[in-house]
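Thank you all for coming; I would like to walk through one structure this morning, going slowly from one region to the next. Please have a look at it first, and then I will begin.

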Amino acid sequence: MTTLGDVVDLLHAWFPPATAEDWDAVGLVYGDPARTVRKVMFAVDIDEAVAEEAATWGADLLVVHHPLFLRPVHGFAATTPKGRTLSRLAAAGCGLLVAHTNADQAVGGVSEAMAVALGITELEPIVPGPSEPYDKVTVLVPTDAAAPVRAAIAEAGAGAIGHYDHCTFSVAGQGRFRPLEGAQPTIGTVGDIELVEEERVEAILPRRLRRRVVAALLAAHPYEEPAYDVVELADPHALTSGTGRVGVVERTTLRAFAQTVADALPGTAGGVRVAGDPDRSVRRIAVCGGAGDGLLDGLVGSDVDVYVTSDLRHHRAAEFVADDGPALVDVAHWAAEWTWLPVVAARVTDALGDSVETRVSTLRTDPWQFRVDPSDPSDRPERSA
């Protein structure tokens with residue numbers, strides 16, 4: 001038997017809620033974690049039509065990308081569209097879970113699924129996700145007291161690297177000092193310069209443990225005034241998660257690649273818009289699922305040939321092209337993010353087997369319903385050179 005809590009735990013392991021943006025609203029919105037789950041449906045958006053589809057199919061859990069309630073609410077009365085949507089799920093006994101910005105950046109998340117759907121390989125984040133901040137502590141300690149100090153800082157959390165702990169580095173040296181009037185030296189005499197065989201002990205530690213590690217160091221050190229320092233380490237940007245994805249395709253033209261994009265994504269009224277020379281040679285491709293114009297500045301002057309994203313604004317796109325940035329391919333927000341749904345549904349099936357049935361909603365929740373082309377474009381203004 002698989003419970004709703006089991007599915008939530010699985011999805012949260014892949015897309016940790018703690019990695020979502022501060023403004024976001026992710027996680028379990030509605031449902032009893034103890035309830036049995038046999039059917040899970042996936043959709044980009046949650047509206048009345050999607051809720052009806054989930055309820056009619058008999059879904060026990062609906063997983064969506066976009067939050068139903070992004071801002072706090074005091075209730076969900078069925079007098080509003082959002083209230084009717086959640087009321088329909090509640091009446092059908094269907095839970096609701098949101099994986100939004102936590103799914104955008106994750107390995108196997110939205111941008112990665114979109115890139116794979118477009119045939120892009122050798123993927124890496126455009127902007128790597130932030131690693132947990134680390135410090136390095138260095139302390140000088142008499143040789144015969146080095147082992148207890150190393151043990152104390154390790155027990156406090158320093159020196160843990162992956163599947164190892166008690167990781168420290170030591171090098172021998174000589175310490176010099178002169179105790180002054182009022183000092184109570186462990187070694188040496190007031191007024192005399194003392195020479196002591198010491199070790200320089202170094203270890204890294206999560207910054208959140210700084211206070212605890214320093215307290216342990218001071219408690220274990222034999223000196224009245226130990227010499228130590230704590231240095232903040234730079235983020236190595238080594239994570240494989242992060243914003244957007246960049247990789248390569250077989251060399252082709254912008255026109256041919258844009259056609260690949262159009263063929264790979266679900267059809268929408270807006271279609272695929274392209275800015276750039278159609279015959280431009282392209283190989284290195286950047287993508288960002290959802291609205292990605294926030295990444296434009298970082299792509300100017302890069303080795304990227306094409307940037308695929310959604311919701312590009314007129315002035316930002318025009319300025320970007322004028323700055324000799326990569327060509328732009330603008331696709332429907334819903335279509336880009338829909339590519340993630342079959343991927344996550346397949347992962348759930350692989351993880352839970354036939355105890356849970358999955359379904360991907362094909363309802364087009366893109367807000368644009370149709371497009372009207374001019375009946376006679378011959379008298380329209382021409383595009384400037």
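Let me start with a charge and a ring: the charged end of Arg347 sits over the ring of Trp14, at 4.1 Å from the ring centre. I should say straight away that this is a predicted model, and that everything I describe this morning is to be taken in that sense.

Trp14 also belongs to an aromatic cluster, which it forms together with Phe15 and Trp340. When the whole structure is searched for aromatic pairs, 3 of them are found. One of these is the pair of Phe15 and Trp340, which is edge-to-face, with 5.5 Å from centre to centre and 75 degrees between the planes. Where along the chain do Phe15 and Trp340 lie? Phe15 is in the loop between α1, residues 4-14, and β1, residues 27-30, while Trp340 is in helix α12, residues 340-352, so that the pair links distant parts of the chain, 325 residues apart. As for accessibility, Phe15 is buried, and Trp340 is buried as well.

A further pair is formed by Phe177 and Tyr223, again described as edge-to-face, with the centres 5.7 Å apart and an angle of 65 degrees between the planes. This pair, too, links distant parts of the chain, with Phe177 in strand β8, residues 169-177, and Tyr223 in the loop between α7 (210-220) and β10 (227-232), 46 residues apart. Are these two rings buried or partly exposed? Phe177 counts as partly exposed because its relative accessibility is 26%, whereas Tyr223, with a relative accessible area of 13%, is buried. The cut-off that matters for this reasoning is 20%, because buried means a relative accessible area under that value.

Going back to the loop between α1 and β1, we also find Pro16 there. Pro16 has a relative accessibility of 30%, and therefore counts as partly exposed. If we take Pro16 together with Cys167, the two are 151 residues apart in sequence, and their C-alpha atoms are 28 Å apart in space.

Next, let me turn to a pair of helices. Helix α2, residues 48-57, packs with helix α3, residues 81-91, at an angle of about 5 degrees, and the axes are 9 Å apart. Why is α2 called roughly parallel to α3? The angle between them makes it so, because angles under 35 degrees count as roughly parallel. On the α2 side the contact is made by Glu48, Ala51, Glu52, Ala54 and Ala55, and on the α3 side by Pro81, Arg84, Thr85, Arg88 and Leu89. Sorted by class, this contact of α2 with α3 has 5 nonpolar, 1 polar and 4 charged residues.

Ala77 lies in the loop between β3, residues 61-64, and α3. Leaving out residues up to four places away in sequence, Ala77 touches Gly83 and Arg84. With 48% relative accessibility, Ala77 counts as partly exposed. Ala77 and Ala219 are separated by 142 residues in sequence and by 58 Å in space, C-alpha to C-alpha.

Let me now consider two strands. Thr309 is in strand β15, residues 306-310, and, at 0% relative accessibility, Thr309 counts as buried. Which residues does Thr309 contact, leaving aside its neighbours within four places in sequence? They are Cys288, Gly290, Ala291, Gly292, Val329, Asp330 and Val331. Leu123, in turn, is placed in strand β5, residues 121-124, and is partly exposed, with a relative accessible area of 29%. Setting aside neighbours within four places in sequence, Leu123 is in contact with Glu112, Ala115, Val116, Arg245, Val246 and Gly247. From Leu123 to Ile285 there are 162 residues in sequence and 9.6 Å in space, C-alpha to C-alpha.

I will finish with the backbone. Asp311, in the loop between β15 and α10, residues 314-322, has a phi near 60 degrees, which is a positive value in a residue other than glycine. Asp311 counts as partly exposed, at 37% relative accessibility. His166, which is not a glycine either, has a positive phi of about 55 degrees. His166 is in the loop between α6 (146-155) and β8, and counts as partly exposed at 41% relative accessibility.

How values were computed
Residues numbered from 1 in each chain as written. Predicted model: local features only at pLDDT ≥ 70, side-chain atom pairs only at ≥ 80, totals over all residues. Heavy atoms only, no water. Phe/Tyr/Trp six-rings, centres within 6.5 Å; stacked < 30°, edge-to-face > 60°. Helix = DSSP H or I, 4+ residues; strand = E, 2+ residues; numbered from the N terminus. Buried < 20%, exposed > 50% of the residue type's maximum accessible area, 1.4 Å probe, protein only. Lys NZ or Arg CZ within 6 Å of the ring centre and 35° of its normal. Axes fitted to C-alpha atoms, helices over the stretch in contact; angles between N-to-C directions. Parallel < 35°, antiparallel > 145°, perpendicular 65-115°, else oblique. Contact = heavy atoms within 4.5 Å. Nonpolar A, V, L, I, M, F, W, Y, C, P; charged D, E, K, R; others polar.
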